[in-house]
Amino acid sequence: MQIDFDMPVIADGGLDAGVLDRVLVDRERGVLTHVVLRSPLASEELLVSMDLVQGTAGGQLRLRPGRDELLALPRYYEGRTTVQPAGRVDTSLVPQPPERRQELEEALGVTEDTVELGPDTRVMTADEAEVQLVGIGANDPGNDISRLRVRGPAGAEADFPASWIDVMREDVVALTVTRDDVLQSRPAPRRRDGNLVDLEGLSGMGGHDGDTPEEVFGADFVDELRGKGGMVINVPGASGPGDGADNRVAEPVDAGAAAGAERRRPAR
C-alpha cells in the first residue's frame, strides 16, 4: 500500500472525505499507525487509525467508516509542535463516557515513540544531501514501513527501501546511504510514471538556500547523526506481502553499501 501526501481520501460508500495531510509512525517498531486527514467535514484535522483504512486504489486512500462516522473520530492539531504527537490529539468529540476517556486515549496507541511525518519532512543521506518526503509505503497486514517515496528539488521521484532508514524525526529522516549509493542503486530509482531518473537536483552539503546542516537541523542533531547515537532504529524492510510497487524499491549495489556509507561520512 502506497500512501502519498495530498492524495484524495474516500469514505465508505465512495463519498469524498478530504485529502491525506500527514501520517503517524511508531519509529521503534517501524509501523505506520495513523493517517491524518484534512476534511470538509470538520474544521480540524481528523485522526484515523490504520485499522479503519481499507487500502489504496486508483491513487485514492479508502476508509472503512462512512462520512457520518468520521465526525466521531479524534481531532489532530498538527500545529501543536511544542508537544509530542500524543499531546496533539483531542478526543473530546468522540462519543465515549468521561470515565473511559483515558482508556480511549491509550487504545489509540499514540505514544512517546510516535513520530509525525508530512510533506515538510526532509530525507537526508549520510553525506547530507536532501530530498523531500512524498509518502510512505506499508506492507499488509501489519502496516510495517516498506519504503519512502521522495522527490528531489528538480522534481525527480524515487522509492527508497525502509532498510536505508537510520534516524527518524518528524522534520528529518536520516539514511545510512550516500547520494552516490542512491544514484548507483539497482534497480535504478524510478519516477511515479515508471520512467528511470537519476534524482537530478539532489542538493549537496547543507540545506536549502545555502544553509549549513547545523543551521537547518541544529548542531545537536547533526552531532547525533555523526555519532550514531540517540534515536537509531532498525525499521523492517519490505519483507511481507504488499502491492506491486514493493518489488521496485532500490537496493544498494552491493551488501557493503551501507557500511561504506558510514566510512565515507565527512570528517569534521
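The accessible surface exposed by the chain in this predicted model amounts to about 12100 Å², of which carbon and sulfur atoms supply 47%. Of the 268 residues that make up the chain, 49% count as buried. The secondary structure comprises six helices and 16 strands, and, among contacts between residues at least 6 apart in sequence, 59% join residues at least 24 apart.

A pair of aromatic rings is described by the distance of the centres and the angle of the planes. The count of such pairs in the model comes to one, and this pair is formed by F160 and W164, whose ring centres are 5.2 Å apart and whose planes make an angle of 55°. The arrangement is classed as tilted because the angle lies neither under 30 degrees, as required for stacked rings, nor over 60, as required for edge-to-face rings. F160 has a relative accessibility of 2% and therefore counts as buried, and W164, likewise at 2% relative accessibility, counts as buried too. F160 belongs to the strand β14, which spans residues 157–161.

The loop that precedes β14 connects this strand to β13 (145–151), and G152 lies within the loop. Although placed in a loop, G152 has a relative accessible area of 5% and is therefore buried, since the cut-off for this class is under 20%. With respect to chain positions farther back, the C-alpha atom of G152 is separated by 6.3 Å from that of Q132, a residue 20 positions away along the chain.

How values were computed
Residues are numbered from 1 along each chain as its sequence is written. This is a predicted model: local features need pLDDT of at least 70, side-chain atom pairs count only at pLDDT 80 or more; totals for chains, interfaces and linings use all residues. Side-chain values use heavy atoms; hydrogens and water are left out. Rings of Phe, Tyr and Trp (its six-membered ring) pair if their centres lie within 6.5 Å; planes under 30 degrees apart count as stacked, over 60 as edge-to-face and the rest as tilted. Buried means under 20% relative accessible area, exposed over 50%, partly exposed in between (1.4 Å probe, protein chains only). Helices (H or I, at least four residues) and strands (E, at least two) are DSSP runs, numbered from the N terminus. Contact means heavy atoms within 4.5 Å. Accessible areas come from the Shrake-Rupley method with a 1.4 Å probe; for residues, only the protein chains shown count as cover.
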